[in-house]
Amino acid sequence: MAEVRGIALEEMEIGQSAEAVRTVTEEDLDLFAKVSGDYNPVHMDEEFARSTPFRGRIAHGALVASFISGVLGNQLPGPGAIFLGLNMRFFLPTRIGDEVTTRVTVKSVDLKSRKAVMQCICTVGDKTTMEAEAEVMVRKRRRKADD
């Protein structure tokens with residue numbers, strides 16, 4: 001099996017960023033509810049959700065937060081990164097059919113602790129739906145055998 005490695009801590013730079021775009025589907029909500037056990041009717045029942053301030057179904061906040069995990073684990077820093085924490089704030093709901101752009105930007109790098117802090121922003125169109133700060137443990141560059 002080929003070895004897959006993300007970006008090493010020493011290669012990360014403040015301001016470096018990566019993003020992914022994903023359209024939220026009804027199947028995403030169904031699968032997320034099944035995996036998480038969160039069947040809140042604001043996510044699952046259109047009739048109920050219409051009676052709420054959201055006036056319709058909305059995606060689980062944790063589903064949207066998981067998009068950050070996807071960028072961290074697949075792109076920046078990528079494979080081998082360990083997600084340590086996430087502090088997030090939601091501004092607008094995400095709905096079925098919304099195209100969510102998740103952008104992760106390196107905010108700080110600490111070589112001694114092997115940690116990076118990432119600024120994370122989710123947008124739909126030109127509107128910010130969620131902002132977060134993630135802490136990630138990042139692997140160091142592997143030393144060569146003759147080092």
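A nonpolar surface patch, as the term is used in these legends, is made of residues with over 30% relative accessible area and no salt bridge, with nonpolar side chains joined within 5 Å.

**View 1. Nonpolar surface patch of the predicted model****.** In this predicted model, Phe 83, Leu 86, Met 88 and Phe 90 make a nonpolar patch of about 310 Å² on the surface.

**View 2. Leu 86 in strand 2****.** Strand 2 covers residues 82–90, and Leu 86 is found in this strand. The relative accessible area of Leu 86 is 30%, so the residue is classed as partly exposed. Leu 86 is also one of the residues that make the nonpolar patch.

**View 3. Order of helices and strands along the chain****.** The chain has 4 helices and 5 strands. Read from the N terminus, the elements follow the order β-α-α-α-α-β-β-β-β. The C-alpha trace spans about 65 × 35 × 20 Å along its principal axes.

**View 4. Buried residues and contacts within the chain****.** Of the 147 residues in the chain, 33% are buried. When contacts between residues at least 6 apart in sequence are considered, 67% of them join residues at least 24 apart.

**View 5. Exposed surface and charged side chains****.** The area exposed by the chain is about 8,900 Å², of which carbon and sulfur atoms supply 49%. The chain carries 20 positive and 22 negative side chains. The centres of these two sets lie 6 Å apart.

Terms used. Residues numbered from 1 in each chain as written. Predicted model: local features only at pLDDT ≥ 70, side-chain atom pairs only at ≥ 80, totals over all residues. Heavy atoms only, no water. Helix = DSSP H or I, 4+ residues; strand = E, 2+ residues; numbered from the N terminus. Buried < 20%, exposed > 50% of the residue type's maximum accessible area, 1.4 Å probe, protein only. Contact = heavy atoms within 4.5 Å. Areas by Shrake-Rupley, 256 points an atom, 1.4 Å probe, with all protein chains shown as cover. Lys, Arg positive; Asp, Glu negative; His and termini not counted. Charge placed at Lys NZ, Arg CZ, Asp CG, Glu CD. Patch = residues over 30% accessible without salt bridge, like charges linked within 9 Å, V, L, I, M, F, W, Y side chains within 5 Å. Salt bridge = Lys/Arg side-chain N within 4 Å of Asp/Glu carboxyl O.
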